[in-house]
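Open the model in your viewer and keep the selection tool handy. We will walk through it one stop at a time.

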Amino acid sequence: MATAVPPASTGQRRGVEPLRAGKGYSFLLRKLHSLSGIVPIGAFLIEHILSNFEALKGPAAYAAQVKFLNALPLVRVLEWGFIFLPLAFHALYGVYIALRGKSNVIYYPWAGNWMYMTQRWTGYIAFVYIIQHVLRQRFLGDSLPEHPGMAFHKVQVELANPWMLAVYIIAMIAVCWHFSYGVWLFAAKWGITPGNVARRRFAYVCAVGGILLCGLGLASIYAFVVQYPNAPEDVTPSSQLVHPTINLGAPYLAEMWEAKPAVTAQA
């Protein structure tokens, strides 16, 4: 009876094994990566787009929304614990996964392969955009948590650059696509949509949701660029200013405020 003879050693060292779900920590990390894209990052994305939609009501309404968010209890703990750190993990580990993968749409031009490639490239776009967006709007220039009345003007100045406007539009489309398809992948991977029929139906739901979110985001950009041009630098009323009965969303809001008359003592 013949016995199997182990192959002779070639003298070469074994390479790094490919990342496999269920081996080592990869399964847990991939599950956390998938979950973090929905909670808390996905929830924050929806909140962020809805908050920016307040820009359609004018600079003062947008400033009020920024002030409300920064007045939440333990806001800095929430900001780092539920936004910055999960976002950093999801982005960095997502780039790691994408770099280890290989697109094969040339040899196998199936819908799933195109979806995978698009998800990967929209992730790259979102990664670069979010870094510059957080740095420029949160940490550089005027501090919006301390000066929420300057929020509208700060975004408007950035969008006044045609290149940055193009970046914002492309990034909005990419982020909404990445999120909506990510929700579909999450439901498939976590067993929420078992079977092809359920996944096909849920794909329509995700597509509609992604289009709706993207429409809200693009409408906000329209408000900053077209609807309220030349917004005042700061719409926060000081103690020396009185607000007349006007629409808070009107352009040139600061120019319409009148100084409170001084009270003089009578002899």
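Start by selecting residues 41–52, which make up helix 2. This helix has 12 residues and spans 16 Å from its first C-alpha to its last, close to the 16 Å expected at 1.5 Å a residue. Bear in mind as you look around that this is a predicted model.

Stay with helix 2 and show its side chains. Which residues of helix 2 are buried? They are Ile41, Gly42, Leu45, Ile49, Ser51 and Asn52. Now bring in the partners: these buried residues pack against helix 1 (26–38), helix 3 (59–70), helix 4 (75–100), helix 7 and helix 8.

Zoom out for a moment to the whole protein. Colour by secondary structure and you will find 8 helices and 2 strands. Following the chain from the N terminus, the order is α-α-α-α-α-α-α-α-β-β. Of the 267 residues, 34% count as buried. If you turn on contacts between residues at least 6 apart in sequence, 64% of them join residues at least 24 apart.

Next, switch to a surface view. The protein exposes about 17,300 Å², with carbon and sulfur atoms supplying 69% of that area. Select Phe68, Leu72, Leu74, Val77, Leu78 and Phe82 to light up a nonpolar surface patch of about 590 Å². Helix 4 gives the largest share of this patch, 3 residues. Click on Leu78, which lies in helix 4. Leu78 counts as partly exposed because its relative accessible area is 36%.

Move on to Thr193, in the loop between helix 7 (162–189) and helix 8 (196–227). Is Thr193 buried or exposed? Its relative accessibility is 6%, so Thr193 counts as buried. To see its surroundings, add Ala187, Ala188, Ala198, Arg199 and Phe202; Thr193 is in contact with each of these, leaving aside neighbours within four places in sequence.

For the last stop, select the cysteines. A disulfide is a covalent bond between the sulfur atoms of two cysteines. How many disulfides are there here? The count comes to 0. Try the distance tool on Cys176: the closest cysteine sulfur, in Cys214, is 4.6 Å away from its own sulfur, so the two are too far apart for a bond. The cut-off for a disulfide is sulfur atoms within 2.5 Å. Cys176 counts as buried because its relative accessibility is 2%. Finish on Cys206, which is also buried, with a relative accessible area of 9%.

Technical notes. Residues are numbered from 1 along each chain as its sequence is written. This is a predicted model: local features need pLDDT of at least 70, side-chain atom pairs count only at pLDDT 80 or more; totals for chains, interfaces and linings use all residues. Side-chain values use heavy atoms; hydrogens and water are left out. Helices (H or I, at least four residues) and strands (E, at least two) are DSSP runs, numbered from the N terminus. Buried means under 20% relative accessible area, exposed over 50%, partly exposed in between (1.4 Å probe, protein chains only). Contact means heavy atoms within 4.5 Å. Accessible areas come from the Shrake-Rupley method with a 1.4 Å probe; for residues, only the protein chains shown count as cover. The expected span of a helix is 1.5 Å times one less than its number of residues. Patches are made of residues with over 30% relative accessible area and no salt bridge: like charges are joined within 9 Å, nonpolar side chains (Val, Leu, Ile, Met, Phe, Trp, Tyr) within 5 Å. A salt bridge is a side-chain nitrogen of Lys or Arg within 4 Å of a carboxyl oxygen of Asp or Glu.
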